[in-house]
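Let's walk through a fold in question-and-answer form, starting with its aromatic residues. Have a look at the sequence and coordinates first.

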Amino acid sequence: MKKLIILPGLAAILFLGGCLPSFGTEKEPVIQENEDSIEETVIIPDIQLKDEFYRTVIPFKKSASRGLVVNNISTKYDIQEVEEGLLRISTKHFDPKTHFIQEGQYIDKDTALAWLARSSANPQGLNPPEKKGITDGQPTEEAPNYLAHIVEQNYHVMTEGKKLRLAGMSIGLALNTRNYSRDGTDTKIDDREIEQEGMKIAEEVIRRLRSQEGLAEIPIAVGLFKQESRNSIVPGTYFATAVAEKGQSAPSGWKVVDEKYVLFPASSEINNYREVNETFAKFKQDIDSYFPSFVNVIGKGFYKDGNLQSLTIEVPIQFFGTSETIGFAQYLTGLVNQYFPNVHTEVSITSINGAEALIVKEAGEDPFVHIYGY
């Protein structure tokens, strides 16, 4: 087995890219054992933008099943959230201060395709046979296709001997909430059914991973994700998580993940979000009073454990010039301070020309405003 040499810090970047300002001190080389017997020089960045962000081993290694997510996940919103949500789950098990992330290297494309298939089409398929039930000797009802996609994330740590080793893995199982049959029928899958089938699939995935070299004695976290319908404009979320500790052949200790995305303005029957919905309505009214023509303002709130964590707002406008954009961005920044002082808020101002301005405000802090091209 060959060694993979790690050059952490910006020193390696300076070697590759020329003279740049130094943000950290030069470190001793670190060794990583690579199961593929490939020798290469890589970098561990010194800079960590936020405490919850993992540093990535560079050069970036694409996922062994890269590209399947676009084909298997229904909306662009779910494509992003199925990975971001798994990152949030991973921080509960693998400390971002001490762990480095790499995209999944153990479930390759062929394996993923086999596992995502129906068992009637592939013996490795984790989805049920296409038909269930027999009437007069003929199969009748179509079984739902539960598992839509598998996300894998690998986490490494640096040992005292200056070696980088695999220390854990996270697996996200994206599950369908609706069954789209070949005849065009769209049927909702019962939540309890999704939960039971998801846990059953998770157990089989862990069992199979344990048989692979290097994965028998690491903790493997798993999350169950409900993807939204094909026409949804908000993403689905993870709803359950568990972990298979070192050597365990199945996940245990399933816990509820209380996360939800809510679209604002929300329908009147969503009582749990009435206060934020009313605030957002006032925010929108003030925007409407600024422009003589209608502006379709849409907000997306992310809730965790029943509390609003962040708010993303899109404000499309007609573009009349840079000065008007600056004036409107300043006005909008004041509204954000007024209505959402204690919520992480991001506002994107766009026109037919593309992005015009961005307002980012951390909870309890002054906002940052950027005017594109100015």
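Q: Which residues do ring pairs link into a cluster?
A: Keep in mind that this is a predicted model. Aromatic pairs add up to 11 in the structure. Some of these ring pairs join up into a cluster, and its members are F264, F280, F283, Y339 and F340.

Q: Is the pair of F283 and Y339 stacked or edge-to-face?
A: The ring centres of F283 and Y339 are 6.2 Å apart, and the planes meet at 85 degrees. Planes over 60 degrees apart fall in the edge-to-face class. So the label for F283 and Y339 is edge-to-face.

Q: How many residues apart are F283 and Y339?
A: F283 belongs to helix α6 and Y339 to helix α7, so check the two helices. This pair ties together distant parts of the chain. The separation is 56 residues.

Q: Is F283 buried or exposed, and what is its relative accessibility?
A: The cut-off for buried is under 20% relative accessible area. Y339 passes with 17%, and is therefore buried. F283 is buried too, with a relative accessibility of 0%.

Q: Is the pair of Y290 and Y331 stacked or edge-to-face?
A: Here Y290 sits in helix α6 and Y331 in helix α7, 41 residues apart. Y290 is partly exposed at 33% relative accessibility, and Y331 is partly exposed at 28%. Their ring centres lie 4.6 Å apart with the planes at 25 degrees, so the pair is stacked.

Q: What length does α7 reach from its first C-alpha to its last?
A: Helix α7 runs over residues 322–339, which makes 18 residues. At 1.5 Å a residue, the expected span is 26 Å. The model comes close to that, reaching 26 Å.

Q: What arc do the buried residues of α7 cover around the axis?
A: The buried residues of α7 are T325, F328, A329, L332, T333, L335, V336 and Y339. They are on the same side of the helix, because the arc they cover is only 165 degrees. As background, an α-helix has 3.6 residues a turn, so residues three or four places apart point the same way. The arc asked for is 165 degrees.

Q: Which exposed residues does the face of α7 turned away from its buried side carry?
A: Cover for the buried residues of α7 comes from elements including α6, β17, β18 (344–351), β19 (354–361) and β20 (368–371). Now flip to the face turned away from that buried side. The exposed residues there are S323, Q330 and Q338.

Q: Which ring does the charged end of K226 sit over?
A: There are a couple of charge-over-ring contacts to look at. R230 lies over the face of Y180, 3.7 Å from the ring centre. The charged end of K226 is 4.9 Å from the centre of its ring, and that ring belongs to F239.

Q: In β14, which residue is the bridge partner of A240?
A: Strand β14 (residues 252–256) is hardly covered, with zero buried residues among its five. Strand β13 (residues 237–244) pairs with β14 in the antiparallel sense, over three bridges. For A240, the partner in β14 is V256.

Q: Which peptide bond is cis, with omega near 0 degrees?
A: Look at P265, in the loop between β15 (259–264) and α6 (274–290). The bond leading into P265 has omega near 0 degrees. The cis bond is the one from F264 to P265.

Q: What is the phi of D305, about how many degrees?
A: D305 is in the loop between β16 (298–304) and β17 (307–316). With a relative accessible area of 52%, D305 is exposed. Although D305 is not a glycine, its phi is positive, at about 55 degrees.

Conventions: Residues are numbered from 1 along each chain as its sequence is written. This is a predicted model: local features need pLDDT of at least 70, side-chain atom pairs count only at pLDDT 80 or more; totals for chains, interfaces and linings use all residues. Side-chain values use heavy atoms; hydrogens and water are left out. Helices (H or I, at least four residues) and strands (E, at least two) are DSSP runs, numbered from the N terminus. Buried means under 20% relative accessible area, exposed over 50%, partly exposed in between (1.4 Å probe, protein chains only). The expected span of a helix is 1.5 Å times one less than its number of residues. The arc is that of the directions from the helix axis to the C-beta atoms. Contact means heavy atoms within 4.5 Å. Rings of Phe, Tyr and Trp (its six-membered ring) pair if their centres lie within 6.5 Å; planes under 30 degrees apart count as stacked, over 60 as edge-to-face and the rest as tilted. A charge sits over a ring if NZ of Lys or CZ of Arg is within 6 Å of the ring centre and within 35 degrees of the ring normal. Two strands pair if DSSP finds at least two bridges between them.
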